Amino acid sequence: MKIPAQVIERVRRLRQSVEHHNYNYYALAAPTIPDSEYDKLFAELVELERRYPQLVSLDSPSQRVGSAPLKEFAQVVHRIPMLSLNNAFSDDDIIAFDRRVREGLEMQDIEYSVEPKFDGLAISLAYEKGQLVSGATRGDGYTGEDVTANLRTVSVIPLRLATRKPPALLEVRGEVLMLKKDFEKLNAQQREKKEKEFANPRNAAAGSLRQLDSRITARRKLSFFAYGVGQVKGGNLPEDKHNKLMDCLVSFRFPVAPERQVVRGVKGLLEYYRRIGAKRDKLPYDIDGVVYKVNDLTLQNRLGFVARAPRFAVAHKFPAQEELTEVLNIEVSVGRTGVLTPVALLKPVFVGGVTVSHATLHNEDEIRRKDIRIGDTVIIRRAGDVIPEIVAVVNDKRPKTARKFVMPEKCPVCGSRVVRFEDEAAARCIAGLFCSAQRKQALLHFASRRAMDIEGLGEKLVDQLVDNAVTRTPADLYKLGAAELADLERMAEKSAANVIAAIEKSKRTTLPRFIYALGIRNVGEATAKDLARYFGSLDKLMQANEESLQQVPDVGPVVAQSIVKFFSEPHNREVIEQLRARGVSWQEGKSLQLAATSAISNKIFVLTGTLPHLAREEAKYKIEALGGKVTSSVSAKTDYVVAGADPGSKLAKAQQLEVKVLDEAGLLKLLGS
């Protein structure tokens, strides 16, 4: 059969492309495309070679794994080739895999060993008479790089097997990787040194393992997990089941995936895949799928290998967390504090289980650092619930028409001036509540659960209130009527009445909540509590200068300046007065200096059950305003337990420890003293 010229050319280009990406991925640890894009290229090559077997040649990437080792390292020939696994991407692929295994073995039901597929660097460790003598990367599957000196610095790799009767020779196969927490620490160090950050833990691990100076590898915390063995001579290793072989490696002190299991049949495989997929983001390391292996070692030998992979195993890949897409435009959103955030509008792409069409670009400096331009092809990443981000630009695909992004000089919402302060990466609209975007975000923050807690006042309702000029400031919320709300789109009478009731309920609050609700820049929930405790009243806080503010724990010059600037604005003071006039109130206490001399200063309280009149947070605030401390558990150090209805086990423990118990009236009397 004559092969079409375009097919021959396509195969040539695919081989060239796959080899190029193999070298970037395996040799340089600097991939330029996501794994999913590589998988598509490789799958297309394999399919064309299957359809036109005359095109198959020994130098095709489909016939070997990875790339040639770096010349800087000595070469190690693997005693048994380190072949890779075939990939599966759907339930149908796994059903077909199980069917092929059963048909090949002429059996009805198969036992499988299953484990996570680590996203790291495959290595082989050789032990002679129990002692580590060499370690090598996979390389091209037949010849790898000698990285023994670097592997000796990986603390979890045994330098000697924990057994009195070691095999004469044992090859342990596994994956070197970097745990997520260690990756974050490494990138933090890179930022401090103003050096290039690593794109992901896999790149960090590969780059660290290939250091020519093993002292650098030692400073970077690498981990290792074993998943199999190569050549074995002597010893008493299990010869019947793969899971027993792994148990033996555990006894030799090798780390092995704690999530490994043994299951039966295709149902067990798919259930395991979904179970691991659900906990993927909570695992301490990155995985990109799971691996299924026929558990019986004799049956593995019967099934054997194809050109580059075993017939008895397969890798079931998760939906890609990285994909290629195009930057269609870069727009700017305006937040509550006026910060302008560039957002990339993307050609929609399915990644991490969802369709992604937007990605935050953080600020102008970040865009410059990554050199992201409108029209670029980029690698987009989404892991779990993490906001999608652009990892890198694929420079090879940059069109001549690609345009650089320029931060606007005027706010895209209100047209006011945009400034960038000297100590900040962010650009800001300085219009404040004059800007409708800031107004909406300020209202949402004011009504949020940890602020004034106005249930039902969500994004859609706030949009209508601002867009229809019904509400301009938080104080305007307290003059709304149910009829006024009911006139708004998609707002029924009952819903309107519920929102009005929630607004009315929010009038009774605490000073920390109110301070936090004001949305003062750099003042979070914890700082609001510290300010309320220290000054005791809003008026004293409003009158404070920067010097006195810096006496508050954890309040530095930047926070102090933000507070003074906020209260110096006549508009902000006017809104506060309007809120007070419309019934918003709170219990004020003594300042921290006076609290130090109170009867309950430094006394430890525990609150349990429901009090008749005081909400728990209000009771807690009253205690803390006078210098007391509120903890969650009863101990011998507890001074008072305040018990309401349905107190539970804390009351019983207080009685057992003979801790003084107060009801609400007793607490108020003590506070009054």
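A salt bridge here is a side-chain nitrogen of Lys or Arg within 4 Å of a carboxyl oxygen of Asp or Glu. By that rule, Lys370 and Glu389 form one, with N and O 3.9 Å apart. The legends below refer to a predicted model.

**View 1. The Lys370–Glu389 salt bridge links a helix to a strand.** Lys370 belongs to helix α11 (residues 364-370). Glu389 belongs to strand β17 (residues 389-393). The two parts are 19 residues apart in sequence, so the pair ties them together. Lys370 is buried, at 17% relative accessible area. Glu389 is partly exposed, at 28%.

**View 2. Glu389 also pairs with Arg381.** The closest N and O atoms of this salt bridge lie 3.4 Å apart. Arg381 has a relative accessible area of 17%. The cut-off for buried is under 20%, so Arg381 counts as buried. Shared partners extend the picture: salt bridges join Glu322, Glu366, Arg369, Lys370, Arg381 and Glu389 into one network.

**View 3. The second largest cavity is lined in part by Lys370 and Glu389.** About 30 Å³ of space lies in this cavity. Glu366 lines it too, along with Thr360, Leu361, His362, Ile372 and Ile390. Helix α11 and strand β17 each supply at least two lining residues. By class, the lining has three nonpolar, two polar and three charged residues.

**View 4. The largest cavity has a volume of about 60 Å³.** The model has two cavities of 30 Å³ or more. Val76, Val77, His78 and Arg79 are among the lining residues of the largest cavity. So are Ser124, Leu125 and Ala126. Ser134, Gly135, Ala136 and Glu171 also line the largest cavity. Three strands give two or more residues each: β1 (75-77), β4 (121-128) and β5 (131-137). The lining divides into five nonpolar, four polar and two charged residues.

**View 5. Lys241 and Glu111 form a salt bridge.** Their closest N and O atoms are 3.2 Å apart. Lys241 sits in the loop between β8 (223-233) and α8 (242-251). Glu111 sits in strand β3 (residues 111-118). The parts are 130 residues apart in sequence, so this pair ties together distant stretches of the chain. Lys241 is partly exposed, at 22% relative accessibility. Glu111 is also partly exposed, with a relative accessible area of 22%. In total, the structure holds 43 salt bridges. Side chains of opposite charge can pair when their charged atoms come close.

**View 6. Ile454 is among the best-connected members of the largest nonpolar core.** This core has 54 residues. Those touching the most other members are Ile454, Ile515, Leu531, Leu538 and Phe567. Leaving out residues up to four places away in sequence, Ile454 touches Phe446, Ala447, Leu477, Tyr478, Ala502, Ile503 and Ser506. A second, separate core has 34 residues, including Ile123, Phe224, Met246 and Phe252. In soluble globular proteins, nonpolar side chains tend to be buried together.

Notes
Residues are numbered from 1 along each chain as its sequence is written. This is a predicted model: local features need pLDDT of at least 70, side-chain atom pairs count only at pLDDT 80 or more; totals for chains, interfaces and linings use all residues. Side-chain values use heavy atoms; hydrogens and water are left out. A nonpolar core is a set of buried Ala, Val, Leu, Ile, Met, Phe, Trp, Tyr and Cys residues joined through side-chain atoms within 4.5 Å. Buried means under 20% relative accessible area, exposed over 50%, partly exposed in between (1.4 Å probe, protein chains only). Contact means heavy atoms within 4.5 Å. Helices (H or I, at least four residues) and strands (E, at least two) are DSSP runs, numbered from the N terminus. On a 1 Å grid over the protein atoms alone, a cavity is a set of points where a 1.4 Å probe fits but cannot get out, and a pocket is an open set with protein on both sides within 12 Å along at least five of seven lines; lining residues have an atom within 4 Å of a point. Grid points are joined across faces, edges and corners, and a volume is the space filled by probe spheres set on the points. Ala, Val, Leu, Ile, Met, Phe, Trp, Tyr, Cys and Pro count as nonpolar, Asp, Glu, Lys and Arg as charged, and the others, Gly among them, as polar.
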